[in-house]
Each structure stands twice: as C-alpha cells, then as structure tokens.
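Work through the following exercises with the structure in view, and take each solution one step at a time.

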Amino acid sequence: MLALRRSVGETIRINDDISIQVLSVSGQQVKLSIRAPASTTIHREEIYKLIKAEREKAISP
C-alpha cells in the first residue's frame with residue numbers, strides 16, 4: 001500500500017491518464033476530483049463491495 005499526504009489543490013497521478021485532486025477537507029471528510037478515461041470504472045468502496053457480492057451471487061448455483 002502507498003500512503004500519500006496531499007494538501008488542498010494538490011494532485012496524485014496514476015499513469016498518464018488518471019489524476020486525483022484534493023478539492024477540500026472539512027473535518028474528517030475529503031472531497032476529491034477524479035479524472036480518468038470513460039472506460040475506467042470508479043466506485044466508492046461500499047458500492048464496489050455490493051456490486052462484487054451481486055456478481056458472485058449471480059454466478060453461484
């Protein structure tokens with residue numbers, strides 16, 4: 001795992017086509033801007049887990 005510190009307005013780059021910018025911090029909430037190709041699927045962790053569980057349920061006999 002890579003842990004990084006960023007301040008408001010700073011950006012993290014992933015390869016040439018994904019950037020994550022810190023828009024604001026309020027208490028324990030961070031607002032992020034994510035720019036990625038349309039073909040890249042992006043979900044919050046809790047949504048990703050629900051989708052994964054539904055896929056596994058659909059595959060199971």
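**Exercise 1.** Determine whether R6 is buried, partly exposed or exposed in this predicted model, and find which residue forms a salt bridge with R6.

*Solution.* The relative accessibility of R6 is 38%, and because partly exposed covers the range between under 20% and over 50%, R6 counts as partly exposed. The next step is the partner, E10, whose closest approach to R6 between N and O atoms is 3.5 Å; since a salt bridge requires such atoms within 4 Å, the pair qualifies. E10 is itself partly exposed, with a relative accessible area of 30%.

**Exercise 2.** Work out how K49 and E45 are placed relative to each other in helix α1, and state how far apart their closest N and O atoms are.

*Solution.* Helix α1 spans residues 45–59, and because K49 and E45 stand 4 residues apart in this helix, about one helical turn separates them. Their closest N and O atoms are 3.9 Å apart, and the two residues form a salt bridge. K49 is exposed, its relative accessible area being 52%.

**Exercise 3.** Establish how many salt bridges a search of the whole structure finds, and describe the one that joins E46 and R44.

*Solution.* The search of the whole structure gives 3 salt bridges. In one of them the side chains of E46 and R44 meet at 3.5 Å, N to O. E46 counts as partly exposed at 45% relative accessibility, whereas R44, at 54%, counts as exposed.

Methods:
Residues are numbered from 1 along each chain as its sequence is written. This is a predicted model: local features need pLDDT of at least 70, side-chain atom pairs count only at pLDDT 80 or more; totals for chains, interfaces and linings use all residues. Side-chain values use heavy atoms; hydrogens and water are left out. Buried means under 20% relative accessible area, exposed over 50%, partly exposed in between (1.4 Å probe, protein chains only). Helices (H or I, at least four residues) and strands (E, at least two) are DSSP runs, numbered from the N terminus.
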